[in-house]
Protein chains: 8
Amino acid sequence: MSGRAEEPIADLGFARVDLDRESRTGDPEVVFADGKTPEQVVEILARLHDAHPSRAVMATRVSAEAAAAVAAALPQAVLDQEARAVTLGPLPAPRGRVCVVAAGTSDLPVAAEAALTCRVHGAEVETVTDVGVAGIHRLMAVRDRLDAADCLVVVAGMEGALPSVVGGLVGVPMIGVPTSVGYGASFGGLAALLAMLNSCAPGVSVVNIDNGYGAGVAAARIARRAR
Amino acid sequence: MSGRAEEPIADLGFARVDLDRESRTGDPEVVFADGKTPEQVVEILARLHDAHPSRAVMATRVSAEAAAAVAAALPQAVLDQEARAVTLGPLPAPRGRVCVVAAGTSDLPVAAEAALTCRVHGAEVETVTDVGVAGIHRLMAVRDRLDAADCLVVVAGMEGALPSVVGGLVGVPMIGVPTSVGYGASFGGLAALLAMLNSCAPGVSVVNIDNGYGAGVAAARIARRAR
Amino acid sequence: MSGRAEEPIADLGFARVDLDRESRTGDPEVVFADGKTPEQVVEILARLHDAHPSRAVMATRVSAEAAAAVAAALPQAVLDQEARAVTLGPLPAPRGRVCVVAAGTSDLPVAAEAALTCRVHGAEVETVTDVGVAGIHRLMAVRDRLDAADCLVVVAGMEGALPSVVGGLVGVPMIGVPTSVGYGASFGGLAALLAMLNSCAPGVSVVNIDNGYGAGVAAARIARRAR
Amino acid sequence: MSGRAEEPIADLGFARVDLDRESRTGDPEVVFADGKTPEQVVEILARLHDAHPSRAVMATRVSAEAAAAVAAALPQAVLDQEARAVTLGPLPAPRGRVCVVAAGTSDLPVAAEAALTCRVHGAEVETVTDVGVAGIHRLMAVRDRLDAADCLVVVAGMEGALPSVVGGLVGVPMIGVPTSVGYGASFGGLAALLAMLNSCAPGVSVVNIDNGYGAGVAAARIARRAR
Amino acid sequence: MSGRAEEPIADLGFARVDLDRESRTGDPEVVFADGKTPEQVVEILARLHDAHPSRAVMATRVSAEAAAAVAAALPQAVLDQEARAVTLGPLPAPRGRVCVVAAGTSDLPVAAEAALTCRVHGAEVETVTDVGVAGIHRLMAVRDRLDAADCLVVVAGMEGALPSVVGGLVGVPMIGVPTSVGYGASFGGLAALLAMLNSCAPGVSVVNIDNGYGAGVAAARIARRAR
Amino acid sequence: MSGRAEEPIADLGFARVDLDRESRTGDPEVVFADGKTPEQVVEILARLHDAHPSRAVMATRVSAEAAAAVAAALPQAVLDQEARAVTLGPLPAPRGRVCVVAAGTSDLPVAAEAALTCRVHGAEVETVTDVGVAGIHRLMAVRDRLDAADCLVVVAGMEGALPSVVGGLVGVPMIGVPTSVGYGASFGGLAALLAMLNSCAPGVSVVNIDNGYGAGVAAARIARRAR
Amino acid sequence: MSGRAEEPIADLGFARVDLDRESRTGDPEVVFADGKTPEQVVEILARLHDAHPSRAVMATRVSAEAAAAVAAALPQAVLDQEARAVTLGPLPAPRGRVCVVAAGTSDLPVAAEAALTCRVHGAEVETVTDVGVAGIHRLMAVRDRLDAADCLVVVAGMEGALPSVVGGLVGVPMIGVPTSVGYGASFGGLAALLAMLNSCAPGVSVVNIDNGYGAGVAAARIARRAR
Amino acid sequence: MSGRAEEPIADLGFARVDLDRESRTGDPEVVFADGKTPEQVVEILARLHDAHPSRAVMATRVSAEAAAAVAAALPQAVLDQEARAVTLGPLPAPRGRVCVVAAGTSDLPVAAEAALTCRVHGAEVETVTDVGVAGIHRLMAVRDRLDAADCLVVVAGMEGALPSVVGGLVGVPMIGVPTSVGYGASFGGLAALLAMLNSCAPGVSVVNIDNGYGAGVAAARIARRAR
């Protein structure tokens with residue numbers, strides 16, 4: 001457990017690791033590996049693990065090169081290839097359940113990042129795949145599973161319509177994740193993002209394009225507080 | 001009926017009315033009243049009616065001021081207030097049937113423009129209102145009516161998800177019309193437009209934001225050729 | 001209470017009121033008054049109240065004209081002028097507590113819509129005003145109140161930085177609401193929207209620009225499930 | 001033929017193949033290969049072929065790697081290199097005729113995708129190439145072929161003007177396909193897309209940039225219903 | 001005639017009138033009245049006329065209020081209502097001929113500004129109206145007039161296709177002027193602007209949306225130098 | 001003078017006035033009047049004046065209605081009509097000199113806001129008007145005045161080129177202010193903003209479109225520290 | 001020389017070469033090589049040369065691969081590496097003179113394409129390099145050369161200010177070419193494009209980003225008509 | 001030292017090196033290496049060093065290839081790998097102190113470019129790293145260092161909130177540098193850019209995305225003039 005008084009910040013020169021974050025927010029800092037060198041990723045991850053030895057810490061958007069460096073330096077680290085993420089340390093005991101729903105097969109990497117993040121942040125996860133709105137009966141068939149969750153993460157690219165339909169079926173708190181799946185006038189996920197922001201179904205909130213991580217944190221926090 | 005040889009163009013000074021269009025495309029020219037003076041609208045409409053006395057001609061996007069000028073000068077003209085359009089002359093006998101589907105109550109003016117345009121262009125029309133995706137059972141309840149049409153016009157604002165869901169239910173040719181209903185990140189209908197362009201349901205084609213007229217012409221041409 | 005079997009849809013011609021929504025999602029349909037005539041607003045609100053007599057129903061984005069029509073036809077309706085919203089029927093007993101945080105005085109109307117929506121959807125609400133990041137001590141002074149909530153709604157225009165700072169202070173579930181407060185390169189709230197979507201603080205999810213209503217629904221659903 | 005009752009969905013874990021789609025819409029599901037692994041493409045294609053043995057199924061946006069995997073696993077599959085698409089099973093007997101019109105040589109791959117899709121969806125196809133508006137006599141020379149079709153697919157990049165000119169010449173139902181051919185302020189096909197959406201010729205509807213597939217489905221559905 | 005040595009700048013406090021411009025560029029400064037008070041417009045116009053008494057000076061984008069102030073203070077000034085412009089002083093003897101071509105009736109105000117500007121800058125002008133690409137025969141009928149000009153100004157809104165078609169018919173120097181005529185995805189003239197910038201016809205150059213003035217200056221300079 | 005210990009925040013209910021700001025940053029808080037009621041503007045301004053009686057406080061973007069309310073309630077307040085700003089209390093003794101340079105007459109209101117802000121924030125100001133790049137000799141004529149300043153504020157709309165030219169002439173610290181002067185593809189000042197951000201002259205930094213206030217604060221802080 | 005009657009179009013299957021263009025516009029068709037296979041480029045170029053043996057034909061945007069194919073198949077073709085263009089056949093005797101002005105060294109490839117295009121289209125060319133506005137004296141030093149030309153092509157990236165300054169110095173017809181030189185908020189040349197479209201100097205017209213070819217055709221047509 | 005009279009411009013054919021810039025602005029020209037060949041970078045750098053032998057000259061955005069060419073031709077040149085910049089000649093004696101503040105580890109390359117540029121332009125520099133707003137205590141811990149500087153350069157990607165928070169803590173002149181760190185709706189740094197332009201903290205001015213160089217020049221000029 002991190003101690004606020006002793007060492008709120010670990011200064012590595014290139015980074016000031018926020019060791020105090022768990023005591024403020026309930027969750028340790030997570031390493032956003034994109035734009036960092038493999039060496040920096042290893043060093044920050046190791047320092048976070050030292051401060052939180054009994055609870056998993058995590059790095060996201062880990063390149064193949066960084067994953068190799070982590071594997072070499074921290075052999076106990078676990079790589080989730082589909083999620084492009086690494087964890088280090090034991091997962092917390094889960095409270096509450098998140099259901100991650102992916103509109104299509106191509107959305108699976110983002111869904112995997114969300115699911116792993118939920119687990120690292122203390123929630124149980126179930127994943128439902130390929131229930132896009134062009135075959136609405138696929139969604140109807142899983143409606144009970146949606147209704148039973150404490151929070152939903154709904155992942156969709158292209159026109160991003162899935163959260164609107166789900167939001168009309170159940171009243172479970174929901175986070176929409178637009179993905180960059182698509183081409184042309186999808187403009188890298190902008191179409192799905194705008195669609196989710198303009199959802200006519202109430203209660204849909206949204207995170208950045210392809211941001212499974214952010215959705216996972218939000219959902220886990222909601223789920224683990226649920227009765 | 002207009003004669004190609006005699007007078008393909010009526011030069012009014014401020015406009016060259018295309019009297020030949022019906023012989024080329026099957027439909028007379030239509031007056032886009034926006035940006036024209038009331039006098040110009042009246043004069044073009046009258047000239048089109050002279051050339052096509054036995055078939056309705058039409059003006060769209062007619063302001064209150066222009067509607068008054070038309071009423072005064074051409075008392076036999078008929079104003080459709082919800083559609084903001086004027087017709088002059090008898091509607092053609094309908095061939096084929098178009099079903100105009102509106103996602104919400106606020107989309108009704110655009111749906112009305114589409115419906116009237118279909119009638120002027122020779123198709124029968126049925127309108128289905130307020131079947132947005134947040135209450136999908138409303139759509140399921142009218143599925144047979146959708147399936148029975150020769151062409152669908154699906155009108156929706158906000159996230160514009162309705163064409164995707166309809167496109168997964170029936171295989172009828174379909175034109176999506178995004179509307180400017182919404183606010184903030186709807187960006188005047190851009191969100192709905194992008195959503196429809198990126199529909200994961202096959203066979204959705206799209207017209208300009210709020211362009212009920214364009215959808216009506218396209219749908220009528222499809223419907224009246226249908227077996 | 002609405003009965004799913006008896007009358008899932010009330011067809012008013014211009015609208016198909018979704019009387020079944022409460023049984024699916026836990027909350028009755030809400031009237032988005034923008035783009036509807038005053039008469040349509042009155043009629044839908046009345047029909048919803050008939051179906052849900054013991055629980056408040058609500059209309060948002062109510063113009064002065066529509067508010068007057070509601071006051072005349074439904075004298076027991078209550079207008080919240082700052083929120084530009086009308087409620088009809090008794091508020092439900094609150095479960096859980098939402099804290100609505102507004103960055104500046106100009107963001108108050110959006111915060112008011114969020115707060116009222118929370119109450120209509122069954123959560124207790126506290127509002128904290130004018131704690132923008134340019135005077136961070138103002139935020140620090142209310143940190144305990146933020147930490148004590150079951151869900152936060154953080155409302156900010158201009159650069160939309162407040163959710164990032166709040167998200168680094170507490171781990172409470174949070175919905176960010178960008179507002180159109182600003183000018184020039186705020187592009188009607190786009191700057192704040194993008195900032196919140198790109199927040200470096202984990203767990204921030206976002207609704208449409210000026211969408212206090214959507215944030216209120218999402219927050220109430222989270223809060224009322226909380227232990 | 002797929003049976004709705006027996007097996008509406010084939011759950012492959014990473015995908016829920018919609019075997020029911022043909023019975024709902026008249027056409028089997030198509031594999032959008034982009035973002036799927038070669039193995040996933042092979043497996044879904046094979047499963048679709050099993051369900052629809054007597055009618056061609058199709059995968060679009062097939063990478064060279066996926067094409068090789070398909071060729072190895074499903075030797076009876078046919079690759080259309082220009083269209084970057086694969087078909088499996090016999091083409092249906094054609095009803096109705098689509099004319100695919102390409103503005104320039106660089107638009108040919110998109111035109112090829114549209115043409116193959118039409119054939120897979122049951123329409124006869126004729127292709128007319130390189131009739132851009134900078135040499136309008138080239139278009140005039142093929143006008144009769146345009147007029148004789150049951151539906152047109154008009155493919156153009158750069159300024160995307162071709163549908164407007166064609167739409168003034170003939171009244172055949174038409175789908176415009178903007179392409180990403182161009183540079184600079186073409187913004188990846190946005191210029192052509194906006195031009196087609198704003199066409200002053202009536203009856204032009206539009207699909208996503210480079211979406212020959214979507215145009216092909218829409219056109220085939222229109223053509224095969226035509227008298 | 002202005003003298004460079006004597007008084008290159010007339011300092012009015014709120015403006016430094018560039019009296020030297022004619023000696024550098026061949027044409028006097030022109031008053032852009034938008035954003036200036038009526039008094040400022042009058043004063044600058046008067047000062048320019050003093051410096052160039054034998055050659056017309058001009059103000060563009062003149063509001064009704066400013067036009068009235070000019071009429072009161074400078075009774076010899078001439079208002080061109082359609083062009084929303086004022087001239088003061090005798091037009092120069094024309095050299096060369098510009099043909100201003102407008103796609104539609106709604107484009108006439110911009111065409112009028114271009115035509116008047118040409119005259120003020122010393123070229124003869126002919127205007128051709130309503131020859132949009134949806135009725136290409138209207139354009140073919142005036143082809144000889146286009147070919148005979150020394151420079152073309154081609155004005156079009158909506159999809160802005162006219163310059164591409166004209167550019168394939170004649171090799172005369174051409175300036176395209178996109179207009180804000182349109183709605184929805186025309187985005188205030190952006191669609192027409194992008195179309196003209198991406199023209200597949202060679203030799204099309206473009207000015208700002210609705211900038212008849214800029215096109216007029218450019219065209220007059222080209223025409224009056226022509227053999 | 002405000003005392004940090006005593007009362008860092010004045011809670012007015014609708015606002016938490018930051019009385020501590022001067023002690024942190026050297027300058028009192030300023031009222032952004034846009035989006036606030038006239039009563040709120042009066043009350044905040046009065047409260048700021050109470051806390052800073054010996055130094056001017058300021059409100060910007062003051063509507064005519066708010067200006068009238070201020071004049072009625074705080075008769076000693078001074079309105080700068082061109083700058084649309086109000087000050088209350090004595091201006092500080094100036095240190096350092098800012099030169100505000102406006103490209104055109106239409107840019108004067110933004111320049112006036114910048115100039116007044118400089119004075120309120122303790123710097124001397126000189127304004128140079130209408131030295132746009134289309135008459136570069138006008139700029140050359142004032143070069144010595146530019147060179148003599150401690151900081152420049154360069155205000156320009158349309159293509160926003162002036163900071164680049166000034167930045168090549170002198171090495172004085174410079175703040176560019178893009179304005180919304182222009183039309184069409186100026187997109188409300190976006191063109192000028194992008195131009196200034198991409199200046200090829202070194203050392204140009206930029207504030208929001210029409211943000212004379214922000215430029216004034218920045219420039220005053222630079223100038224009053226200068227030797 | 002091409003004969004309109006004999007063979008207006010050469011149908012190569014993948015292309016309809018417009019052999020009639022010279023007789024309509026004065027210049028043969030040019031091959032836009034981007035998006036075409038090397039074989040297609042060779043074949044079209046050869047066919048154009050056959051039709052216009054006594055006058056150079058040209059291909060632009062020629063990749064290294066296509067250049068090699070051309071060199072192998074058409075050894076008499078000449079490659080201009082900086083312009084990425086190929087010519088085949090003798091240059092026409094020049095009439096009139098174009099001055100191509102490049103703001104910076106990085107703009108040289110676009111300037112080279114413009115210069116070669118001018119020569120192929122029958123004008124003499126002079127190039128002036130690296131006279132960007134950050135060192136305005138460099139421009140002043142070449143002012144006489146600018147003034148002596150029949151047409152200017154002004155090439156600039158980043159903030160694209162050069163045409164505005166040049167347009168205030170001389171009254172020669174001018175085509176601005178924005179380039180994609182820059183980064184960040186240059187958005188691939190959008191900043192320079194918008195700046196040139198909003199130039200406060202009169203008479204600037206603009207072509208697409210990096211479109212040296214289009215500017216060259218326009219300038220040559222203007223210059224060769226000049227007295 | 002460069003002499004204005006003798007050789008204001010060094011004409012290298014592909015470049016006109018501005019040797020006069022130091023005498024006008026106090027700083028020599030800097031080579032923007034992007035888009036220039038390695039040979040051009042070497043030649044311009046050498047020529048600048050010849051003209052300014054006693055003061056460092058600099059090239060920015062130096063590719064690995066150009067860096068190698070510089071090392072080979074100018075062995076006394078110094079490469080700063082993190083900043084991707086090269087200097088040649090002795091750094092000037094520093095006057096004033098700039099504090100460069102980076103929000104995250106991934107922002108370090110831009111911060112390094114800013115820091116080196118400050119040194120080349122005559123200011124002392126201190127760098128503070130990884131004090132993003134998600135852990136505000138990290139920023140509070142360095143507040144005194146911020147307050148002690150003569151100018152701040154604040155570098156941040158993602159939501160770009162750091163300048164707003166810093167601007168509320170200290171009144172030191174500040175330049176914000178948005179970076180392209182982020183993904184999805186960061187749109188290459190646009191989110192951070194808009195956030196900084198809309199900062200609610202007074203006195204924040206901004207440079208282009210990733211433009212550490214521009215910020216460095218601006219900051220050094222401010223700092224070295226400070227008392």
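# Exercises on two chain interfaces

Across the interface of chain C and chain A, eleven residue pairs are in polar contact, both residues being at pLDDT 80 or more. A polar contact is a pair of N or O atoms within 3.5 Å; within protein, one must be able to donate a hydrogen and the other to accept it, and residues adjacent in sequence count only if both atoms are side-chain atoms.

The model is predicted: local features need pLDDT of at least 70, side-chain atom pairs count only at pLDDT 80 or more, and totals for chains, interfaces and linings use all residues. Residues are numbered from 1 along each chain as its sequence is written, chains are lettered from A and ligands numbered from 1 in the order in which they are written, and side-chain values use heavy atoms, with hydrogens and water left out.

## Exercise 1

Task: describe the interface of chain C and chain A.

Solution.

Step 1, symmetry. A turn of 180 degrees and a shift of 0.0 Å along the axis lay chain C on chain A with an RMSD of 0.0 Å (least squares on the C-alpha atoms of residues with pLDDT of at least 70 in both copies). Both copies use the same surface, as 100% of the contact residues of chain C recur in chain A.

Step 2, extent. 36 residues of chain C are in contact with 36 residues of chain A, where contact means heavy atoms within 4.5 Å. The two chains bury about 3000 Å² between them, 49% of it on carbon and sulfur atoms; buried area is the accessible area (1.4 Å probe) that two parts lose on being put together, summed over both. In chain C, the residues that lose the most area to chain A are C:L197, C:R225 and C:R227, together 23% of what that side buries.

Step 3, charge pairs. The rule finds zero salt bridges across the interface of chain C and chain A (a side-chain nitrogen of Lys or Arg within 4 Å of a carboxyl oxygen of Asp or Glu).

Step 4, elements. At least two residues each of the side of chain C that touches chain A come from α1 (21-25), α7 (162-169), α8 (190-197), β11 (204-206) and α9 (212-225) of chain C. Helices (H or I, at least four residues) and strands (E, at least two) are DSSP runs, numbered from the N terminus. With eight residues, α9(C) gives the most to this side.

Step 5, classes. The side of chain C that touches chain A has 17 nonpolar, nine polar and ten charged residues. Ala, Val, Leu, Ile, Met, Phe, Trp, Tyr, Cys and Pro count as nonpolar, Asp, Glu, Lys and Arg as charged, and the others, Gly among them, as polar.

## Exercise 2

Task: do the same for chain E and chain D.

Solution.

Step 1, symmetry. Chain E can be laid on chain D with an RMSD of 0.0 Å by a turn of 180 degrees and a shift of 0.0 Å along the axis. The two copies are therefore related as by a two-fold rotation axis. Of the residues of chain E, E:A161 comes closest to this axis, its C-alpha being at 2.6 Å.

Step 2, extent. 24 residues of chain E touch 24 residues of chain D. Chain E and chain D bury about 1900 Å² between them, 72% of it on carbon and sulfur atoms.

Step 3, polar terms. Zero salt bridges are found across the interface of chain E and chain D, along with ten residue pairs in polar contact, both at pLDDT 80 or more.

Step 4, elements and classes. α5 (136-140), α7 (162-169) and α8 (190-197) of chain E each supply at least two residues of the side that touches chain D, and α8(E) gives the most, with five residues. By class, that side has 18 nonpolar, five polar and one charged residues.

## Exercise 3

Task: locate a salt bridge within chain C.

Solution. C:D27 forms a salt bridge with C:R221, the closest N and O atoms being 3.1 Å apart. C:D27 is in the loop between α1 and β3 (31-32), and C:R221 is in helix α9, 194 residues apart.
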